[in-house]
Amino acid sequence: MKFDTPASSNPIDQLKVIGKPASRIDGPLKTTGTAPYAYDRYNVVSNQAYGYVLGSAIAKGRIASMNLAAAKAYPGVIAIVTAENAGKLGKGDFNTALLLGGPEIQHYHQAVAVVVAETFEQARAAAYLIQVEYVRTKGYFDLADEKSKGVAKDDPYTIAESAVGNFSQAFSSAPVQLDASYSTSHESHSMLEPHATIAAWDGDQLTLWTSNQMIAWSVGEISKTLRIAKEKIRVISPYIGGGFGSKLFVRTDALMAALAARAAMRPVKVSLQRALIPNNTTHRSATIQRLRIGATKDGQITAIGHESWSGNLPGGSPEAGAVQTRALYAGANRMTSNRISQLDLPEANAMRAPNEASGLAALEQAMDEMAEKLGMDPVVFRIKNDTQVVPDSPLKAGSTDSQANKNRNPNPPFSLRQLVKCFETGAERFGWHKRNAKPGQVRDGRWLVGMGTASAYRDNVVMKSAARVKLDNRGHLTVETDMTDIGTGSYTIIAQTAAEMMGLPLEKVTVRLGDSSFPASAGSGGQWGGNSSTSGVYAACMKLREAITVKAKAQDPKFDITNAVFADGKIQSKSQSILLADLAGSRGLVAEDAIEFGDLDKRYQQSTFGAHFVEVGVDAATGEIRMRRMLAVCAAGRILNPKTARSQVIGAMTMGVGAALMEGLEVDKRYGFFVNHDLAGYEVPVHADIPHQEVIFLDETDPISSPMKAKGVGELGICGVAAAIANAVYNATGVRVRDYPITLDKLIEKMPTMV
Amino acid sequence: MKAFNYERATSLAEAVAKVSHIKGAKFIAGGTNLVDLMKLQIETPTHLIDINDLGLDKIEASADGGLRIGALVRNTDLAANQQVRRDYAVLSRALLAGASGQLRNQATTAGNLLQRTRCPYFYDTNMPCNKREPNSGCSAIGGYSRLHAIVGVSNSCIATHPSDMAIAMRLLDATVETVRPNGSIRTIPIAELHRLPENTPHIEHTLEAGELITAVTLPKPVGGTHIYRKVRDRASYAFALISVAAIVQRDGTGRVAVGGVAHKPWRVEAAERDMPRGAKALTAGILANAQTTHDNAFKVLLVERTIASVLNEVKG
Amino acid sequence: MSIFDPSRRKFIQTTAASTGAIITAKLTTDAEAKSVLKPKQVTEPAKVNILLRVNGSEHQLMVDPRMTLLDALRERLQLTGSKKGCDQGQCGACTVIVDGRRIVSCLTLAVMQEGHDITTIEGLGTPNNLHPMQAAFIKHDGYQCGFCTPGQICSAVAMLDEVKAGMPSHVTSDLTRSPKMSAIEFRERMSGNICRCGAYSNIQDAIAEVAGERT
Ligand SMILES: Cc1cc2nc3c(=O)[nH]c(=O)nc-3n(C[C@H](O)[C@H](O)[C@H](O)COP(=O)(O)OP(=O)(O)OC[C@H]3O[C@@H](n4cnc5c(N)ncnc54)[C@H](O)[C@@H]3O)c2cc1C
Ligand code: SF4
Ligand code: FES
Ligand code: FES
């Protein structure tokens, strides 16, 4: 099904099942420990051996020699795979560094060997017996040092630079100006389930039970890496213990398990040790950002410039902090730039809301600072600079066709933009008027109290997505798609979509996900998954409805199909109705289709919006910051399931608290690695950090986005949170911290002295 | 984890004898520190002598009106003990500020005292670390050292002792009761249990090989207001950046011990007479000769501000 | 004073002598280390026969003493509900209840748990017969990816018992009184269970419901 004109009224609009806060259909499994995650699957194939991955002890250089003798001789050891004996390997397009290092080493903890043994204890002990001699070579590890070498280069995901009007002139002549620099830290996804895979070969046929967000991509990447045909590969990933972007790509666990299983000639299971996660897998690059905003005295932005610097291994993409600044606020003169420098730290790659999460952390603090300079309320300042068209859109990432880009509307309208309403609703609900604009004034016992706000903004991306639906003679529907559920609620919203489309109760729908033998979906990433994959299910269900209608007509020529509706497990028309179960017959009915999106996303800017409001307490003595209240108001199209969507938003808000207050991978600039590479050293929020969180979804539908009239919501919630918190900390203390995370050491020196 | 033999000791004598005579043998109590370090081969005992069945899990009144806490009393039970809550509240508070509910259910009094540093380089066996591997160098010096010590440091090591409980015990002038390999019993003032790093950071305490802690004894209660203030980035389940344990009497005199600043629980008795003069003077005495790094210089001011806050809290 | 029985010494020395030494060879960049790289005879530790009592059933197992309780549950008893999020005591995903108390099963050895009553998530309820805490998690959407969930639920169940038993916490304002069943208490006490998906606010709602408290 092609989606190239805005959706008109369709069966989803009935909202009998869709839009309801249904509890997750996978809940009974997840809460009883019976949902099988990759490393749990002892029963999918017998005789599994254990693989243990050894990471490189250096960041950059090469392996001079490796001695495996002691490890090989260790009791229970079956095989050891290193680059030397792994055979010729390719590299996946999505991997920047190789998944198996040696002799060249590209980053710390890059896998250099996997030891396979009968038991986990043996594999682990043997791995410690491997002797590796390394030769270090010089690397670049400090973004601040490398920043000046940053280059702006376009890639499929980012247009590096843009300019509209005359920024520098407008900025320098603006009556009110802000020029400030901000920085964000390297961050680790730190999903709770470490990357894990069980691999089994059956002849030349490889099956991977793994934990991966993108099944079809993975098949392609495994095929490239192992140099075997895609048809020989099956990837199965029905339950994923969190990903946040870290499992978008094939990682070491999958490759090592596959290689190890080949060498051991039996199935092998591999789970990365927690201590490998920050350095072996991907992370979000740190950024340094400069914001320049010029405005008239009454708060109209006339110039806005946003530059962002980040780092990555050669060939990697930037954390493009400036991208959203092309679209978020009005202003006639503007520039953005996203530069990248070589860093020999581990590979940087997408983490929840790549670009925007970091970009808004800077931009939205700058907006707060600017509002203060203007003597305006920060909500009012943002509303004043709202725009209903994109002020700067000459080129868009992914558009390689320069001619097409030229013909584009330079200022495309937003498909739907209710940012102002988000702020108005939120300010009212939060009691924003109680905020004292003068910082450092509100005290509650030991605590200095402050409020902050920020915009949330994240593009809505749509991607082709296919599904298969099967109706059986009990009237039960099974949906199959390689879509994944990484905690997003895919199982449930897909079931709701199918139930709505076919007129079935939720219990009559079974959803099977995460298997490459199912039709290829959009997968989970970039908040495109929910909207795209349900649209794919919509398309398949449309096809099934046609098939059923045809069958109904064939069975009963008097059946009036023109006004047929699907409800209560039947196809109904006027006084006639036939049970779907009967029409399915003993052989059942199957339909498969994909949703394919036309150019609506080029004619319109499709984005999601929100407003964050937070209240923090800062210990007047120690500078410890604790969240007191959090509210997010979101405008993200139709909300398919308010319960699971709300969870996505509170989860993202929580991750935003981490980014604001504690998360930072600390670089050892001599050895070139992230030092705090475990969950005690890399602190993420715990229960005690998070107050009750409130989320309001504006009641809206966006027919330009998809037949579901929905948009992405999984990443919107993290966008802007860090800035809202930074602004609240400023409001509480009068101390502006522009370097994230905002830890107490950055505050106390500037806070009033204690008596 | 290296291979080891596991045995459950059934008597004190057996336990002590085994650990002192078998090369590489170690006691295991809760296991929450030892098992972790064994997985990384930072600890490589050849024998583990499980001391959980020795009946060392009792809290009893001591002859001089104090409290005798068995070495195997779980952190949870010690913190919840009614007498501790009433008379040694700072200890209860310190325990409850440490680790998590689960870990406190496992962790023991002696294990907590003898837990090893959380220096991230100590935990990363690819990195030089004098504590883990004598004479290999100290990576924290010149590296990431935000969590590290600022007093009593040496050129060999700037690690901190991570225990919260030990800070309160130091404040309370606890004594550690042990059985030595030769069977003799001795008591060690807690101030003398832990060592400063000097040139031998791998030697962390003054116990002999095979010496078993049997109990920790608290002298009789000293009254006063008990406060334990732990400062950390996240609100719970995090090691201290710094912590302050204090007992303040009505007349403004009292005692203070500081955590997160040294290789051992840090208390400078001589400085305590300055308590009535306020936080600045008191801190100057406690942290005299502080040697900080770029990353941890903030701790000096943080200690001062935290002590000020604690003193304010007492004043009410 | 001596507590020694001198006759024991001999026995100990014998034990020591019979212990095979394991050759360490650690990762090194030191060229010298090469000389010690010769493969040497290494011994496996003696396996230990233990009886584990899990969810009411007894299991006789021969285990490597190095095996953690978590691995014994998962790899030997196929009770894969308890998760390995870190294997370092830093996440809480492996939380199980031993003799009524929650612990992290990754930092205790299986051999140390002989004779104790172990309850895992599988012992609390099943999809068709949910424990009230499991049902409350579903109702309040107290999870997303679900990986921390078994640990959260085991922890929450045992945590409420701790509050009921009057055990204090870091946030209990008056140590001499019994703690309250309150959101602030629950948040502090649940902090040993990390949820990277950030379901905390909903988990708290679920716990409050089971505790019979509305917040
Ligand atoms: C994630 C995490 C967070 C933590 N956070 C904190 C925190 O915030 N604050 C804090 O204070 N602690 C914290 N801890 C540390 C925890 O408190 C210790 O691991 C625990 O107290 C150790 O006690 P144990 O009984 O488990 O010791 P074990 O691991 O059994 O033993 C530790 C050491 O003591 C020796 N030993 C044990 N008993 C005796 C004895 N009777 N005589 C002689 N030697 C003995 C052992 O041989 C071993 O060397 C944390 C731990 C973890 C894993
Ligand atoms: S501070 Fe001490 S423990 Fe840390 S690296 Fe230096 S020597 Fe090792
Ligand atoms: S796996 Fe045990 S605490 Fe993380
Ligand atoms: S539900 Fe994913 S970590 Fe908690």
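**Exercise 1. Find how many salt bridges link chain B and chain A, and describe the surfaces that carry them.**

Step 1. Apply the rule: a salt bridge is a side-chain nitrogen of Lys or Arg within 4 Å of a carboxyl oxygen of Asp or Glu. Between chain B and chain A the count is one salt bridge. Arg146(B) pairs with Asp745(A), with the closest N and O atoms 3.1 Å apart.

Step 2. Note the basis. This is a predicted model, where local features need pLDDT of at least 70 and side-chain atom pairs count only at pLDDT 80 or more, while totals for chains, interfaces and linings use all residues. Residues are numbered from 1 along each chain as its sequence is written, chains are lettered from A and ligands numbered from 1 in the order in which they are written, and side-chain values use heavy atoms, leaving out hydrogens and water.

Step 3. Count the polar contacts (pairs of N or O atoms within 3.5 Å; within protein, one must be able to donate a hydrogen and the other to accept it, and residues adjacent in sequence count only if both atoms are side-chain atoms). The interface of chain B and chain A has 18 residue pairs in polar contact, both at pLDDT 80 or more.

Step 4. Assign elements. Helices (H or I, at least four residues) and strands (E, at least two) are DSSP runs, numbered from the N terminus. On the side of chain B that touches chain A, at least two residues each come from helix H8 (120-123), strand S9 (225-231) and helix H11 (298-315) of chain B. H11(B) has the largest share, eight residues.

Step 5. Size the interface. Contact (heavy atoms within 4.5 Å) takes in 38 residues of chain B and 40 residues of chain A. The buried area (accessible area, 1.4 Å probe, that two parts lose on being put together, summed over both) is about 3,200 Å², 55% of it on carbon and sulfur atoms.

**Exercise 2. Describe the contact of chain C with chain A.**

Step 1. Count residues. Chain C gives 69 residues and chain A gives 77 residues.

Step 2. Take the area. The two chains bury about 5,800 Å², with 56% of it on carbon and sulfur atoms.

Step 3. List the polar links. There are five salt bridges between chain C and chain A. One of them joins Arg74(C) to Asp40(A) at 2.7 Å, N to O. Polar contacts join 32 residue pairs across this interface, both at pLDDT 80 or more.

Step 4. Place the surface. Elements giving two or more residues to the side of chain C that touches chain A include helix H2 (69-76) and helix H5 (149-164) of chain C. H7(C) gives the most, six residues.

**Exercise 3. Locate ligand 1 and work out what surrounds it.**

Step 1. Ligand 1 lies between chains B and C. There are 37 residues around it (a heavy atom within 4 Å). Among the nearest are Phe27(B), Thr108(B) and Asp164(B).

Step 2. Check polar atoms. An oxygen atom of ligand 1 is 2.6 Å from a side-chain N or O atom of Thr32(B). An oxygen atom of the ligand is also 2.8 Å from a polar backbone atom of Gly30(B). A nitrogen atom of ligand 1 lies 2.9 Å from a backbone N or O atom of Ile213(B).

Step 3. Work out the cover. Alone, ligand 1 exposes 970 Å², by the Shrake-Rupley method with a 1.4 Å probe. The protein buries 97% of that.

Step 4. Find the main contributor. H7(B) supplies the largest share of the shell around ligand 1, four residues.
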